[in-house]
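Q: Could you take me through one part of this protein up close? I'm new to this, so please go step by step.

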Amino acid sequence: MTHPHKAPALPPAVTTVLFDIDNTLIPTRRIWQRALDDIAADLAHNHPDVSAADIVVSYTRTSTTLWGDYDRALAPLGSHTAARQHVWQLALRHIGIELPERQLIAHAADFAQRQLRALRPDPDINALLRRLADVFQLGVITNGDADQQHAKLAHSGLANHFATVVCALGNGRRRKPDPAPFQQACTELAVQPEQCLYVGDEWATDVVGARNVGMHPVWISPASEQPPVGAPPTAHFSDLASCLAALCDHATNSPHRRAEPT
């Protein structure tokens with residue numbers, strides 16, 4: 001377990017800890033890459049004029065561009081299933097592969113399922129979250145869509161830890177760093193923003209978004225990654241386990257204890 005750069009000083013009013021999902025609670029980036037590599041190898045086998053590396057590069061570039069411009073590029077398609085199929089269609093078209101609609105639908109679904117099947121419960125993370133839940137309300141705020149994000153939590157064995165899961169994408173809510181999903185979580189948990197820690201891996205989306213609404217941000221990122229110049233001091237951990245361990249240590253003496261840890 002790595003050590004944090006800076007342990008969070010919990011303000012006395014904190015009663016709630018909220019989390020991002022992707023690359024915070026769940027290492028989705030690594031799993032996504034492995035699934036992409038496997039699918040690219042299968043596609044290259046069936047399309048020998050294109051290499052697996054070409055497929056990986058094209059999909060990564062296309063996905064980053066389109067999901068980064070979600071409101072304009074993908075939201076008009078009407079569903080996240082259609083959006084995922086569209087990303088694959090354009091990525092493959094850029095390298096000269098045209099799949100029939102039926103194959104494209106099956107292909108996009110297979111990519112999502114491979115990622116879910118790769119998720120496994122982490123006993124250490126689950127134990128730390130159980131300890132934390134004895135003291136604080138726990139919740140999730142994610143920019144993902146409800147079906148996929150709930151499935152990720154279920155496959156990772158994490159779903160039962162959280163009193164609320166706010167999914168901004170596709171539910172008519174504006175996405176982080178907009179205040180709306182943060183405020184929605186506060187409403188559902190009957191707390192004020194200043195009573196909440198928010199743990200996430202993206203500086204602009206998670207740290208800035210949480211701070212702007214009045215929450216106390218905790219940043220999960222590699223030890224070598226530094227905050228922007230001039231940014232306010234922020235609790236910084238290089239992995240989720242060390243963050244949760246530090247929070248549990250603080251929680252042991254919290255005046256808001258609800259029960260003895262088991």
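**A close look at two cysteines and a strand next door**

A: Let's start with C196, which counts as buried, with a relative accessibility of 0%. Keep in mind that this is a predicted model. Another cysteine, C186, is buried too, at 5% relative accessibility.

So are these two bonded to each other? The cysteine sulfur closest to that of C196 belongs to C186, and the gap is 4.1 Å, too far for a bond. Looking from the other end, the sulfur of C186 has its closest cysteine sulfur in C196, again at 4.1 Å. A disulfide needs the two sulfur atoms within 2.5 Å, so this pair doesn't make the cut. And if you search the whole structure, you find zero disulfides.

Now for the strand. Strand 4 covers residues 196–200, and it pairs with strand 1 in the parallel sense, over four bridges. Here V17 stands opposite L197 of strand 4. Strand 1 also has a link to strand 2 (residues 137–145): these two run parallel as well, with four bridges joining them. In that pairing, F19 has V140 of strand 2 as its bridge partner.

What about the side chains of strand 1? In a regular strand, side chains alternate between the two faces of the sheet. Strand 1 spans residues 16–19, with T16 and L18 on one side and V17 and F19 on the other. All four of these residues are buried, so both faces of the strand are covered.

Technical notes: Residues numbered from 1 in each chain as written. Predicted model: local features only at pLDDT ≥ 70, side-chain atom pairs only at ≥ 80, totals over all residues. Heavy atoms only, no water. Buried < 20%, exposed > 50% of the residue type's maximum accessible area, 1.4 Å probe, protein only. Pairing = 2+ DSSP bridges.
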